[in-house]
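Work through the exercises below with the coordinates open, and try each task before reading its solution.

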Amino acid sequence: ATEIAMRLPVLRHVLHYLSTTTADKKGLLHQLQNKEENLFILPGGVAEIFYSRRRRQSNSLPFTQTIKARRYGLMKLSLQTGARIFPTFVFGASDMLDQLFHVEQENVATKQTDAKKKSFDIGLLMQSISRKLKGGIALYYGQYYLPVPHTPKISMVLGNPIYPVEDTSERNVNGNKLT
């Protein structure tokens, strides 16, 4: 969870009950070294929240937006602690809820209607605020405009576990020394 989510009174207690920790290095190291529990990490993070959107027709192709970034922190933690990584992806998860303001990946210079342009600007504003707060602030709704998710077909893909190589404890995935 993000640091701001762990500061909100009611949400903090719910997340603590679910054994959630902050997504910073200190929290993840504590979970891996002391508790020896499994961690479920979404590497797309806050950036991926604003690009997700639900399909409107059931016969349309699924849309999945992922953020590709050079983030090696998870690999470094795996090398330091000896933790295995199980690559997993869920297809159709973005079809469960609608987002009130999502960010379109269109060129801003293209002609848009006033309503679409306003929605685009609000989406960018919410994304900017979320980055400054270091937590996702997004408005979601489901069936009948309630927080009840839609029931799409969901497929989960599990990869083979990735084991850290023993002789690489002082190098990260780039071959550089760990800091």
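Two exercises follow, on a pocket and on surface exposure.

The model is predicted, so that local features need pLDDT of at least 70 and side-chain atom pairs count only at pLDDT 80 or more, while totals for chains, interfaces and linings use all residues. Residues are numbered from 1 along each chain as its sequence is written, and side-chain values use heavy atoms, with hydrogens and water left out.

**Exercise 1.** Describe the second largest pocket by its volume and by the classes of its lining residues.

*Solution.* Begin with the volume, which is about 210 Å³. Of the 13 lining residues, Met 6, Thr 20, Thr 21, Thr 22 and Gln 31 are the closest to the centre of this pocket. Next, assign the lining to elements: helix H2 (residues 25–35) gives the largest share, 5 residues. Finally, sort by class, which yields 1 nonpolar, 8 polar and 4 charged residues.

**Exercise 2.** Is Val 10 buried or exposed, and which nonpolar patch on the surface includes this residue?

*Solution.* First locate Val 10, which is found in helix H1 (residues 9–17). Its relative accessible area is 65%, and therefore Val 10 is exposed, given that buried means under 20%, exposed over 50% and partly exposed in between, with a 1.4 Å probe and protein chains only. Then consider the patch, in which Val 10 is joined by Leu 8, Leu 11, Val 14, Tyr 17 and Leu 18, with about 650 Å² of accessible area together. For contrast, take Phe 91 in strand S1 (residues 88–91), which counts as partly exposed because its relative accessibility is 41%.

Technical notes. 1 Å grid on protein atoms, 1.4 Å probe; cavity = no way out; pocket = protein on both sides within 12 Å on 5 of 7 lines; lining within 4 Å. Points joined across faces, edges and corners; volume = space filled by probe spheres on them. Helix = DSSP H or I, 4+ residues; strand = E, 2+ residues; numbered from the N terminus. Nonpolar A, V, L, I, M, F, W, Y, C, P; charged D, E, K, R; others polar. Patch = residues over 30% accessible without salt bridge, like charges linked within 9 Å, V, L, I, M, F, W, Y side chains within 5 Å. Areas by Shrake-Rupley, 256 points an atom, 1.4 Å probe, with all protein chains shown as cover. Salt bridge = Lys/Arg side-chain N within 4 Å of Asp/Glu carboxyl O.
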